[in-house]
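Biologist: I am new to this structure and would like a close look at a single part, the surroundings of the ligand. Could you take me through that part slowly, in one connected account?

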Amino acid sequence: MNGKGAFIAFEGIDGSGKSTLVRLTYEMLSRRGLQAVRTKEPSSGPIGRFIRAQIGEMDGRMSAWALALLFAADRLDHAERLIRPSLERGLIVLSDRYLYSSLAYQGAEGVSWEWIRELNRLAPKPDLCILLDVSPETGMRRIGGRPKTIFENERLQERVRRLYLELVEEGEIIRVDAERPLKEVQRDVNLLVQELLKGRGIIDSKSQ
Ligand code: TYD
């Protein structure tokens with residue numbers, strides 16, 4: 001439970017459509033007169049900016065363990081700076097990526113979940129996390145052109161996807177098939193978000 005607001009995270013491999021769905025969800029909430037904030041990880045704070053420079057560096061790349069520490073530091077900073085204060089003000093926070101990106105991406109490079117979870121123990125838990133699930137072929141096709149980060153190659157994306165699906169099996173995140181037309185994906189995402197907001201008394205339980 002996160003104060004009076006609600007915390008929703010969107011996850012998926014690169015090219016899964018997270019930023020589009022975050023925008024469409026934000027617009028849906030605004031139309032209903034609900035106040036939301038859009039955010040993402042790596043964050044726009046100092047650690048997030050440092051991470052972006054690191055993961056864009058194709059040669060001499062940083063170790064997965066060092067990156068796990070940086071992503072956790074960025075997350076705790078992001079939580080203090082933006083997530084917790086927004087939830088306390090009763091806002092709905094929509095985050096493009098969160099803890100599950102660390103479990104999937106750094107996990108895919110051999111870092112243990114136990115350690116990643118320990119590093120992130122103080123980060124607030126989302127009320128809902130939606131996995132936009134696409135195949136690596138679809139993701140890579142949607143990104144197009146040359147990879148922008150060290151993570152954008154099909155073999156790694158396949159391992160990342162498998163770990164996300166394990167989190168679905170464990171009931172931590174909810175899978176939405178994002179290979180389908182955008183309208184259908186959007187409808188499923190809206191239903192999940194509305195169900196959460198009804199459960200939390202943020203919208204009327206009888207409204208559509
Ligand atoms: P991404 O969402 O692709 O940023 P943009 O759309 O602006 O290019 O995020 C950058 C990369 O960071 C992405 O490939 C996943 C990776 N990442 C991790 O490996 N671990 C994490 O904990 C997070 C938040 C992101």
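Modeller: To sort the residues around the ligand by kind, Ala, Val, Leu, Ile, Met, Phe, Trp, Tyr, Cys and Pro count as nonpolar, Asp, Glu, Lys and Arg as charged, and the others, Gly among them, as polar. In this model, which is predicted, the shell around the ligand divides on that basis into five nonpolar, four polar and six charged residues. There are 15 residues surrounding the ligand, and the closest are Lys40, Arg75, Arg97, Ser102 and Gln106.

Turning to where these residues come from, helix H2 (46–55), helix H3 (64–88) and helix H4 (99–108) each supply at least two residues of the shell, and the largest share, four residues, comes from H4. The space that the ligand takes is the largest pocket.

Several side chains can then be followed to oxygen atoms of the ligand: a polar side-chain atom of Ser102 lies 2.5 Å from one such oxygen atom, while for Lys40 the distance from a polar side-chain atom to an oxygen atom of the ligand is 2.9 Å, and for Arg52 the corresponding distance is 3.2 Å. As for how much of the ligand is hidden, the protein covers 87% of the 550 Å² of accessible area that the ligand has on its own.

Note on methods. Residues are numbered from 1 along each chain as its sequence is written. This is a predicted model: local features need pLDDT of at least 70, side-chain atom pairs count only at pLDDT 80 or more; totals for chains, interfaces and linings use all residues. Side-chain values use heavy atoms; hydrogens and water are left out. A residue is near a molecule or strand if one of its heavy atoms lies within 4 Å of it. A polar contact is a pair of N or O atoms within 3.5 Å; within protein, one must be able to donate a hydrogen and the other to accept it, and residues adjacent in sequence count only if both atoms are side-chain atoms. Accessible areas come from the Shrake-Rupley method with a 1.4 Å probe; for residues, only the protein chains shown count as cover. On a 1 Å grid over the protein atoms alone, a cavity is a set of points where a 1.4 Å probe fits but cannot get out, and a pocket is an open set with protein on both sides within 12 Å along at least five of seven lines; lining residues have an atom within 4 Å of a point. A molecule sits in a cavity or pocket if more than half of its atoms lie within 2 Å of its grid points.
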